[in-house]
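Trainee: Please put a chain in front of us, and I will ask about it as we go.

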Amino acid sequence: MIVVQYLRSVLFIVQMYVLMVVMAVVMFPFALIGGRGTAIWVCRTYSRWIRVSLRWIVGLRTEIRGTVPEGDVIVASKHQSFLDILLLYSALPQGKFIMKKSLLWAPFLGWYAWLIGCIPVDRARGAAAMKAMLAAVRNPRFAGGQLIIFPQGTRVAPGVRAEYKIGAGALYRTMKLPCVPAAANVGLFWPRHGLLRKPGLAVIEFLPAIEPGMDPHRFMAELEARIEPASDALMAEAGRKA
C-alpha cells in the first residue's frame, strides 16, 4: 500500500506543478491588465484546485474551521508545510503574506506574490529587515486585506517546539489591527520534505481574534498560548499521540 501511496503522491505533485506553470503563464497577461483582483482570483482558483486534487488523487481531505476573517486583519498562523499556505489562501478573500524576499525571484510564484501584495522581507538583515517590513505595511500599495504572518518564521514539523519571533508583535503594534491566530495539523499529512502525501483530514482552524491594544510581549505570549494547544488538539484528533 505504501508503494501505491507514493505513486499517487508523485502523480499529485507532477500535476500540481504542471498546472502551476500553465496557469501562471496563461493568466499572467490578464493579471497584469486586471491588477490585484485578477491575480487574487488566479491564486485562489489554483489553491482550491489543489484541495480538490489532493482528495481525488491521494485521499487527503481538507477543512477550514472557525470564522474566516474578512476585512483588514492580521492572520498569525502555524506553519508546517506548503499546504497551510494553500489552505489559508483558498479561504481568505484578500490574503497576502509576509514572505522571504528571495521568493520574489522564483519563477511564477514570485510574479503573483508581487501582484497580490505580499510583503518581502530579507531576514538576513536582522533589525533592518524588521524596519523595512514595518515601513512596507504603511505603504498604500500593501494596504487592505488579510496580512498573513508565520510567527515562528519558518516551517516547523509537528511536535517540534520553536520560538515565536517578535515580528508578529511588531506588526500587531504598528498596524493596530485585530490578529486572528490560526492552528494547523497539515504537517502530519504533507511534510516539510519528501514526496509522500498521506490520506486523512488536514485542518486549518481560525481562532478568536486578539483585539488591538495589547502590549506586544503580552500579545506574543497570548498568541503562542492560543496556537500551540489548538494545533496539538488538531494533531491529536488526527491520531498523533502526545
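Trainee: Which residue of β7 stands opposite A183?
Mentor: Helices (H or I, at least four residues) and strands (E, at least two) are DSSP runs, numbered from the N terminus, and two strands pair if DSSP finds at least two bridges between them. Strand β6 has three bridges to β7 (residues 200-206), and the two run antiparallel. In this pairing A183 stands opposite E205.

Trainee: What kind of model is this?
Mentor: Residues are numbered from 1 along each chain as its sequence is written, and side-chain values use heavy atoms, with hydrogens and water left out. Local features need pLDDT of at least 70, side-chain atom pairs count only at pLDDT 80 or more, and totals for chains, interfaces and linings use all residues: the model is predicted.

Trainee: Which residue in β6 stands opposite I74?
Mentor: Look at the pairing of β6 with strand β2 (residues 73-77), which is made by four bridges. These two strands run parallel. Opposite I74 you will find C179.

Trainee: How many of the six residues of β6 are buried?
Mentor: Buried means under 20% relative accessible area, exposed over 50% and partly exposed in between (1.4 Å probe, protein chains only). On one side of β6, C179, P181 and A183 are buried, and on the other V180, A182 and A184 are buried too. Strand β6 (residues 179-184) is therefore largely enclosed by the rest of the structure, and the count of buried residues is six.

Trainee: What pattern do the elements follow along the sequence?
Mentor: The chain has seven helices and seven strands. Read along the sequence, they give α-α-β-β-α-β-α-β-α-β-α-β-β-α.

Trainee: What share of the contacts joins residues at least 24 apart?
Mentor: A contact means heavy atoms within 4.5 Å. The C-alpha trace spans about 50 × 50 × 35 Å along its principal axes, and 48% of the 242 residues are buried. Among contacts between residues at least 6 apart in sequence, the share joining residues at least 24 apart is 75%.

Trainee: Which residues touch the most other members of the largest nonpolar core?
Mentor: Such a core is a set of buried Ala, Val, Leu, Ile, Met, Phe, Trp, Tyr and Cys residues joined through side-chain atoms within 4.5 Å. Here the largest core holds 49 residues, and those touching the most other members are F12, L88 and F206.

Trainee: Which helix gives the largest share of this core?
Mentor: Elements supplying at least two residues each include α1 (2-34), α2 (36-58), β3 (95-100) and α4 (109-115). The largest share is nine residues, and it comes from α2.

Trainee: How many residues are in the second core?
Mentor: This core is separate, and A76, I119, L134 and L223 are among its members. Its size is 25 residues.

Trainee: Which residues does L88 touch?
Mentor: Leave out residues up to four places away in sequence. One of the partners is F206, which sits in strand β7 and is buried, with a relative accessible area of 4%. The full list for L88 is V75, S77, I148, F150, A182, I204 and F206.

Trainee: Are the rings of F82 and W190 stacked or edge-to-face?
Mentor: Rings of Phe, Tyr and Trp (its six-membered ring) pair if their centres lie within 6.5 Å; planes under 30 degrees apart count as stacked, over 60 as edge-to-face and the rest as tilted. By this rule there are nine aromatic pairs. The centres of F82 and W190 are 6.2 Å apart and their planes are at 70°, so the pair is edge-to-face.

Trainee: How many residues apart are F82 and W190?
Mentor: F82 is partly exposed at 23% relative accessibility, whereas W190 is buried at 3%. F82 is in helix α3 (residues 82-91) and W190 in the loop between β6 and β7, so to speak distant parts of the chain, and their separation in residues is 108.

Trainee: What is the phi of F108?
Mentor: F108 lies in the loop between β3 and α4, and ring pairs link it with F28, W111 and Y112 into a cluster. Although F108 is not a glycine, its phi is positive, at about 70°.

Trainee: Is K176 buried or exposed?
Mentor: K176 is found in the loop between α6 (167-175) and β6. Its phi is also positive, near 55°, in a residue other than glycine. With a relative accessible area of 61%, K176 is exposed.
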